[in-house]
Amino acid sequence: QVQLHESGGELVQAGGSLRLSCAASGRAFSNYAVGWFRQAPGKERELVAAITWSGGRTYYSDSVKGRFTISRDNARNTVYLQMNNLMPEDMAVYYCAAKPGVALTTTYDYWGQGTQVTVSS
């Protein structure tokens with residue numbers, strides 16, 4: 001079992017930056033791939049970024065490519081999502097999730113509670 005806790009969401013102006021953190025506890029977190037998802041009201045949940053356990057491979061959705069950066073610090077059991085040039089359409093609840101293995105876009109097994117990102121225009 002892996003427990004995940006997101007933090008860092010807040011209100012920011014369009015064009016601003018935020019860094020989200022996903023802290024993990026429980027089983028060996030370094031063996032898990034981690035993804036950041038988001039869900040806006042009335043929209044489906046979307047995978048925006050993911051990273052393998054080694055950090056050697058990443059995935060970004062087209063909507064965030066070039067603006068968001070995912071990274072991880074296995075010594076701290078933490079994965080980060082650096083979000084730059086935020087736009088109103090980035091406003092959503094952001095969730096981190098974890099799964100064993102190296103595939104980044106398949107089903108994730110463990111989920112955090114989410115953190116709200118609000119972008120004002």
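Begin by selecting the strands β1, β3, β8 and β7, which in this predicted model make up an open sheet of four strands in that order, with antiparallel pairing. At the edges lie β1 (2-7) and β7 (68-73), each of which pairs on one side only, and neighbouring strands of the sheet are turned by 15 degrees against each other on average, direction ignored.

Next, select β1 alone and look at its two faces: V2, L4 and E6 form the covered face, while Q3, H5 and S7 form the uncovered one. In a regular strand the side chains alternate between the two faces of the sheet. Adding β3 to the selection shows the antiparallel partner of β1, joined to β1 by six bridges, with V2 standing opposite G26 in β3.

From β3 (residues 18-26), move on to β8 (residues 78-83), which runs antiparallel to β3 and is joined to it by six bridges; here L18 stands opposite M83 in β8.

Now turn to the charged side chains, where the count comes to five salt bridges. Select R38, E46, R67 and D90 together, since they are worth viewing as a group: salt bridges link these four residues in a network. Within it, R38 and E46 form a salt bridge whose closest N and O atoms are 3.0 Å apart; R38 is buried, with a relative accessible area of 8%, whereas E46 is partly exposed at 27%.

Then select R76 and D73, a salt bridge with the closest N and O atoms 3.2 Å apart, in which R76 is exposed at 60% relative accessible area and D73 is partly exposed at 23%. Finish at K65 and D62, both exposed, whose salt bridge has its closest N and O atoms 3.3 Å apart.

Notes:
Residues are numbered from 1 along each chain as its sequence is written. This is a predicted model: local features need pLDDT of at least 70, side-chain atom pairs count only at pLDDT 80 or more; totals for chains, interfaces and linings use all residues. Side-chain values use heavy atoms; hydrogens and water are left out. Two strands pair if DSSP finds at least two bridges between them. Axes are lines fitted to C-alpha atoms, for helices over the stretch in contact, and angles run from 0 to 180 degrees between N-to-C directions. Buried means under 20% relative accessible area, exposed over 50%, partly exposed in between (1.4 Å probe, protein chains only).
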